[in-house]
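Please look at the model below with its sequence beside it, and take a moment to turn it around before reading on. The briefing is written for a reader who is meeting a structure of this kind at an early stage.

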Amino acid sequence: MTSYKELGLVNTREMFAKAVKGGYAIPAYNFNNMEQLQAIIMACVETKSPVILQVSKGARDYANINLLRNMARGATEYAHELGYDIPIVLHLDHGDSFETCKDCIDNGFSSVMIDGSSLPYEKNIEVTRKVVEYAHQHDVTVEGELGVLAGIEDDVAAEESHYTQPSEVIDFVSKTGVDSLAISIGTSHGANKFKPEQCTRNADGILIPPPLRFDILAEIEKQLPGFPIVLHGSSSVPQEYVKMINEHGGKLKDSVGIPEEQLRQASKSAVCKINIDSDGRLAMTGTIRKVFDEHPEYFDPRKYFAPAREALKEMYKHKNIDVLGSAGQA
């Protein structure tokens, strides 16, 4: 067994307490390869932001658990080399079973999510509690989930969203012992978060999604004052990257994200962790497509991964500074 502390990582407990008190959210950026990881660490060191390195079950299968463990160790050493020791969490996103969560805990993850939101309520409590009991033995923090987000992200898919019921949150948190709670208030997984008929168009013809249910968030905060809340599916889907992809051979359709001003509003509440995955995929894919289109002679991966990494870094810096408010909080 490898403890996350041997890798230079931290869990989310102190990080979330500071974020709730300070009125900002910690960025939880998903990564699948070295360039994404480099961009995340560079952006967060340059903005002096704490960060959660987020690994989905699909990314974990893709990358190999041993490589991931050593990439996390490398991330902490890389931050130090860049000149600032930011707090770094290695987090399992949407763990689907006790066995998956246990394996991650045993291999250096400092935080895990057990997603029982698609299960019957009592079964969700049962499996979440089992993960919490094991994780807390190793000082690993646990995120649970109530409510279902629509959309598709790796192995997680749902046709419809089901808002979190504020009446259930006290019971769920007290019976499971989770350290944070992911809720559903209108965010959605993937780049195609909303159908066009769900949106309105502004004067520029851009699709505007329905607003987040801040009334539900406020009621949950009333039920669980000061308790760390998490938003999944919170990519804003930058239209410049959607346009870039489509102008250079892609076929993205009706891609609509969560407006950044709504995410900024949420981050000033008890929402202390905001998950962003699709935005990173869009920035990387758009930049690589543009390079391929403009330089069909390139075959050295460094020629297209380097500009993609730079685009990712700049986007993450913007998120930390202008959206999440985490810059300067490391």
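What follows covers the cysteines and then two of the helices.

The structure is a predicted model, and a search of the whole of it finds zero disulfides. In helix 10, the buried residues line one face, and in helix 9 the buried residues are likewise on the same side of the helix.

**Cysteines**

- Cys-44 takes part in no disulfide, and the nearest cysteine sulfur to it, which belongs to Cys-272, is 16 Å away; a disulfide would need the two sulfur atoms to be within 2.5 Å.
- Cys-272 is likewise in no disulfide, since its nearest cysteine sulfur is that of Cys-44, at 16 Å.
- Cys-44 counts as buried because its relative accessibility is 0%, and Cys-272 counts as buried because its relative accessibility is also 0%.

**Helix 10 and its surroundings**

- Helix 10 runs over residues 260-267, and its buried residues are Gln-262, Leu-263, Ala-266 and Ser-267.
- When the helix is viewed down its axis, these buried residues fall within an arc of 140 degrees, so they line one face of helix 10.
- The buried residues of helix 10 pack against helix 8 (214-223), strand 11 (229-231), strand 12 (271-276) and helix 12 (301-324).

**The contact between helix 10 and helix 12**

- The axes of helix 10 and helix 12 lie 9 Å apart, and the two helices pack at an angle of about 65 degrees, which means that helix 10 is roughly perpendicular to helix 12.
- Helix 10 contributes Glu-260, Leu-263, Arg-264 and Ser-267 to this contact, while helix 12 contributes His-318, Lys-319, Asp-322, Val-323 and Leu-324.
- Sorted by class, the residues in the contact of helix 10 with helix 12 are three nonpolar, two polar and four charged.

**Helix 9**

- Helix 9 spans residues 239-247, and Tyr-241, Val-242, Met-244 and Ile-245 are its buried residues.
- Around the axis these residues cover an arc of only 160 degrees, so they are on the same side of helix 9.
- Glu-240, Lys-243 and Glu-247, by contrast, are exposed on the other side of helix 9.
- The buried residues of helix 9 are covered by elements that include helix 11 (278-294) and helix 12.
- After helix 9 comes Gly-249, which has a positive phi near 100 degrees.

Key. Residues are numbered from 1 along each chain as its sequence is written. This is a predicted model: local features need pLDDT of at least 70, side-chain atom pairs count only at pLDDT 80 or more; totals for chains, interfaces and linings use all residues. Side-chain values use heavy atoms; hydrogens and water are left out. Buried means under 20% relative accessible area, exposed over 50%, partly exposed in between (1.4 Å probe, protein chains only). Helices (H or I, at least four residues) and strands (E, at least two) are DSSP runs, numbered from the N terminus. The arc is that of the directions from the helix axis to the C-beta atoms. Contact means heavy atoms within 4.5 Å. Axes are lines fitted to C-alpha atoms, for helices over the stretch in contact, and angles run from 0 to 180 degrees between N-to-C directions. Angles under 35 degrees count as roughly parallel, over 145 as roughly antiparallel, 65 to 115 as roughly perpendicular and the rest as oblique. Ala, Val, Leu, Ile, Met, Phe, Trp, Tyr, Cys and Pro count as nonpolar, Asp, Glu, Lys and Arg as charged, and the others, Gly among them, as polar.
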